[in-house]
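Biologist: I'd like a close look at one part of this model: the sheet and the charged side chains that hang on it. Take me through it slowly, and add whatever you can about the loops and strands around it.

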Amino acid sequence: MYSLLTQAHYCSPEIFDREQLKIFSRLWIFAGLRKLLEKPDDFATRSIGGISVVLQNCGGKIRAFENQCLHRQMPLQWEDYGNRRLACRYHGWVYDHEGRPASIPSCDQLYCFNATERERLKLREFSVAEVGQLVFVN
């Protein structure tokens, strides 16, 4: 039996990038075990569909956000897993359980966000499903 796929389908970075976008970014992907995320502020980071994602225990609920600060796009969590609040080490932006900035150092002096602008600031969030002790992200 001959495959319809060429050698390039297995080796091409362009085809792999296209698959990440068209296939893997649309599926429920296994992200980890619930046991890693038992305590408040437990986190795990994963690359899903080519996007860095942080799974964070937010007051008992597992949430998945893009692992990128809104300010300078630095990773929020650097390790594969651990326990720390959702905060950027680069300039100190701290995020709440909804992915909104709870604290922005020198916000009024540096950024002068009005209420509408501040309300629009939110980390990109992904859907999470727990099946037994397994955690999936879409």
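Modeller: A word on labels to begin with: strands, marked E, are runs of at least two residues taken from DSSP and numbered from the N terminus. Bear in mind too that this is a predicted model.

Here's the sheet. Five strands make an open sheet in the order E5-E2-E3-E4-E8, and the pairing is antiparallel. Strands E5 (81-83) and E8 (125-126) sit at the edges with a single partner strand each, so one side of each has no neighbour in the sheet. Further in, E2 (residues 42-48) pairs with E3 over 6 bridges, in the antiparallel sense. One spot to look at there is isoleucine 48, which stands opposite isoleucine 51 in E3.

Now stay on E3, which covers residues 51-58, and find glutamine 56 in it. Is this side chain buried or exposed? Glutamine 56 counts as buried, because its relative accessibility is 1%, and the cut-off for buried is under 20%. Its side chain reaches the backbone oxygen of aspartate 41 at 3.4 Å. Leaving out neighbours within four places in sequence, the contacts of glutamine 56 include Asp41, Asp42, Phe43, Arg63, Gln77 and Leu86.

Aspartate 41, at the other end of that 3.4 Å pair, belongs to the loop between E1 and E2. Its phi is near 75°, a positive value in a residue that isn't glycine. Aspartate 41 is partly exposed, at 26% relative accessible area.

Arg63 was among the contacts of glutamine 56, and that's our way into the charged part. Which residues are linked with it in a network of salt bridges? The network links Arg63, Glu98, Lys122 and Glu125. Take the pairs one by one. Arginine 63 bridges to glutamate 98, with the closest N and O atoms 3.2 Å apart. Arginine 63 is in strand E4, whereas glutamate 98 is in the loop between strand E6 (94-95) and strand E7 (101-103), so this pair ties together parts 35 residues apart in sequence. Arginine 63 also makes a salt bridge with glutamate 125, and here the closest N and O atoms are 2.8 Å apart. That pair links distant parts of the chain, with arginine 63 in E4 and glutamate 125 in strand E8, 62 residues apart. Glutamate 125 in turn meets lysine 122 in a salt bridge, at 3.1 Å from N to O.

How covered are these four? Arginine 63 counts as buried, at 9% relative accessibility. The others come out partly exposed: glutamate 98 has a relative accessible area of 39%, glutamate 125 has 32%, and lysine 122 has 28%. For the whole model, the count comes to 7 salt bridges.

Next, the loop between strand E4 (61-66) and E5, where you'll find histidine 71. Histidine 71 is buried, with a relative accessible area of 17%. Its side chain is joined to that of histidine 91 by a polar contact of 3.1 Å. Setting aside residues up to four places away, histidine 71 touches His91, Trp93, Tyr95 and Tyr111. Its C-alpha atom is 9.8 Å from that of leucine 121, and the two residues are 50 apart along the chain. Glutamine 73 is in the loop between E4 and E5 as well. Like aspartate 41, with its positive phi, glutamine 73 is a residue other than glycine with a positive phi, near 60°. Glutamine 73 is partly exposed, with a relative accessible area of 44%.

Last, the other strands. E1 (residues 29-33) and E10 (residues 134-137) pair in the antiparallel sense over 4 bridges, and the bridge partner of phenylalanine 30 in E10 is phenylalanine 136. E10 also pairs with E9 (residues 128-131), antiparallel and over 4 bridges, with valine 131 opposite leucine 134. The hairpin of E9 and E10 has 2 residues between the strands, and glycine 132 takes a positive phi there, near 65°.

Some of these residues come together at the surface: Phe30, Leu33, Leu36, Tyr81, Val131 and Leu134 make a nonpolar patch of about 560 Å². Leucine 33 is in strand E1, and it's partly exposed, at 42% relative accessible area.

Conventions. Residues numbered from 1 in each chain as written. Predicted model: local features only at pLDDT ≥ 70, side-chain atom pairs only at ≥ 80, totals over all residues. Heavy atoms only, no water. Buried < 20%, exposed > 50% of the residue type's maximum accessible area, 1.4 Å probe, protein only. Polar contact = N/O pair within 3.5 Å; in protein donor to acceptor, adjacent residues only side chain to side chain. Contact = heavy atoms within 4.5 Å. Pairing = 2+ DSSP bridges. Patch = residues over 30% accessible without salt bridge, like charges linked within 9 Å, V, L, I, M, F, W, Y side chains within 5 Å. Areas by Shrake-Rupley, 256 points an atom, 1.4 Å probe, with all protein chains shown as cover. Salt bridge = Lys/Arg side-chain N within 4 Å of Asp/Glu carboxyl O.
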